Amino acid sequence: MLAHLERTRTAYDTVAVDYARTLEGLMADSPADQAVLADFAAAVRSDGQAQVSGQVVDVGCGPGRITIHLHELGLPVRGIDLSPAMVAEARRRYPHLDFQVGCLTELDLPDASVAGLVAWYSIIHLPPGERPAAFAEFGRVLRPGGRLQFAFQVGDGPVEIEQAYGHRVSATAYRLDPDHIEQLLRAAGFTVLTRQVRGPIEPETTPQAYLLAGR
């Protein structure tokens with residue numbers, strides 16, 4: 001495993017239980033997130049002309065808080081995460097859903113097999129050189145008419161994380177330029193359908209971006 005993947009996995013393994021406890025119930029207080037995910041769910045169900053059916057995958061699912069929300073929106077969904085501890089926490093909390101350990105740059109999924117893919121703050125750990133390959137991988141597993149939903153912090157460049165959720169960790173997160181991400185999506189064969197940027201809501205310190213793309 002590449003060194004940055006090991007660092008990221010170790011960091012999330014370390015914080016998994018406290019991360020899940022801290023973010024529990026956060027969706028109820030996040031109307032912007034609710035609206036974005038509701039729009040995504042509606043888009044997955046229809047590409048405007050033909051119905052799109054099939055499974056949705058939450059990549060970088062963590063303890064499953066977005067996965068369960070998508071399930072409650074009526075989507076057949078599974079979660080994939082790099083961190084075994086996060087997957088264990090997700091399985092403990094939502095035993096009726098499917099969670100697996102995996103890497104978003106090498107998804108163990110057949111070509112054109114999923115109707116929707118959510119990367120909710122999970123591309124923030126991708127070094128710049130790995131983003132094109134990851135977006136190509138997303139395109140590989142999405143079927144024609146499928147939808148891809150991103151959420152990420154807006155900015156430019158890496159941030160080194162040494163403390164998180166009461167633990168000492170070592171990980172790198174990248175603040176991302178929406179223009180750059182949109183360019184990469186287009187190069188990977190996606191069409192950007194919706195792009196939103198909102199200001200930070202405490203305790204956030206940066207603007208947040210949402211991009212919905214179609215294949």
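This report walks through a predicted model, from its main sheet and the helices around it to a few residues with unusual backbone geometry.

**The sheet**

A good place to start is the open sheet, which is built from seven strands in the order 3-2-1-4-5-9-8, with mixed pairing. Its edges are strand 3 (98–101) and strand 8 (191–198); each has a single partner strand, so one side of each is left without a neighbour in the sheet. On average, neighbouring strands are turned by 15° against each other, direction ignored.

At the strand 3 edge, strand 2 (residues 77–81) runs parallel to strand 3, and four bridges join the two. If you would like a landmark there, look for R78, whose bridge partner in strand 3 is D98.

Two helices pack on this part of the sheet. Helix 3 (residues 65–72) touches strand 1 (56–59), strand 2, strand 3 and strand 4 (114–120), and its direction makes about 170° with that of strand 2. Helix 4 (residues 84–93) touches strand 2 and strand 3, with a direction at about 170° to that of strand 3.

UniProt, in an unreviewed entry, lists residues 56–146 as "domain: Methyltransferase". Over residues 56–146, the chain is 32% helix and 27% strand, and the C-alpha atoms at the two ends are 9 Å apart.

**Helix 1 against helix 4**

Helix 4 also has a helical partner. The axis of helix 1 (residues 3–23) comes within 7 Å of the axis of helix 4, and the two cross at roughly 25°. That angle is under 35 degrees, so helix 1 counts as roughly parallel to helix 4.

Which residues of helix 1 and helix 4 meet? From helix 1 come R9, Y12, D13, V15, A16, V17, Y19, A20 and R21, while helix 4 brings P84, A85, M86, E89 and R93. The residues of this contact divide into nine nonpolar, no polar and five charged.

A88 is also in helix 4. Its relative accessible area is 45%, which makes A88 partly exposed. The C-alpha atoms of A88 and P63 are separated by 7.8 Å, and the two residues are 25 residues apart along the chain.

**Helix 5 and its surroundings**

Helix 5 (residues 131–141) has R131, A134, F135, E137, F138, G139 and V141 as its buried residues. They pack against strand 1, strand 4, strand 5 (142–153), strand 7 (167–175) and helix 6 (178–187). A reminder about helices may help when you look at that list: an α-helix has 3.6 residues a turn, so residues three or four places apart point the same way.

**The hairpin of strand 6 and strand 7**

Strand 6 (residues 157–164) and strand 7 run antiparallel and are joined by seven bridges. V159 is in strand 6, and its bridge partner in strand 7 is A173. Not counting residues up to four places away in sequence, V159 touches A171, T172, A173 and R175. With a relative accessible area of 31%, V159 is partly exposed. The C-alpha atoms of V159 and A119 are separated by 19 Å, with their positions 40 residues apart along the chain.

Two residues lie between the strands of this hairpin, and Y165 takes a positive phi there.

**Unusual backbone geometry**

Most residues other than glycine have a negative phi, and most peptide bonds are trans. Against that background, three places are worth a look.

| Site | Location | Backbone value |
|---|---|---|
| Y121 | loop between strand 4 and helix 5 | phi near 60° |
| Y165 | loop between strand 6 and strand 7 | phi about 55° |
| E202 and P203 (cis peptide bond) | P203: loop between strand 8 and strand 9 (208–214) | omega about 15° |

Are the tyrosines Y121 and Y165 buried or partly exposed? Y121 has a relative accessible area of 18%, which is under the 20% limit, so Y121 is buried. Y165, at 34%, is partly exposed.

The cis bond joins E202 and P203, and P203 sits in the loop that leads from strand 8 to strand 9. Strand 8 is the edge strand met earlier, with a single partner in the sheet.

Conventions
Residues numbered from 1 in each chain as written. Predicted model: local features only at pLDDT ≥ 70, side-chain atom pairs only at ≥ 80, totals over all residues. Heavy atoms only, no water. Pairing = 2+ DSSP bridges. Axes fitted to C-alpha atoms, helices over the stretch in contact; angles between N-to-C directions. Contact = heavy atoms within 4.5 Å. UniProt positions renumbered as here; feature names shortened; annotations may be inferred. Parallel < 35°, antiparallel > 145°, perpendicular 65-115°, else oblique. Nonpolar A, V, L, I, M, F, W, Y, C, P; charged D, E, K, R; others polar. Buried < 20%, exposed > 50% of the residue type's maximum accessible area, 1.4 Å probe, protein only.
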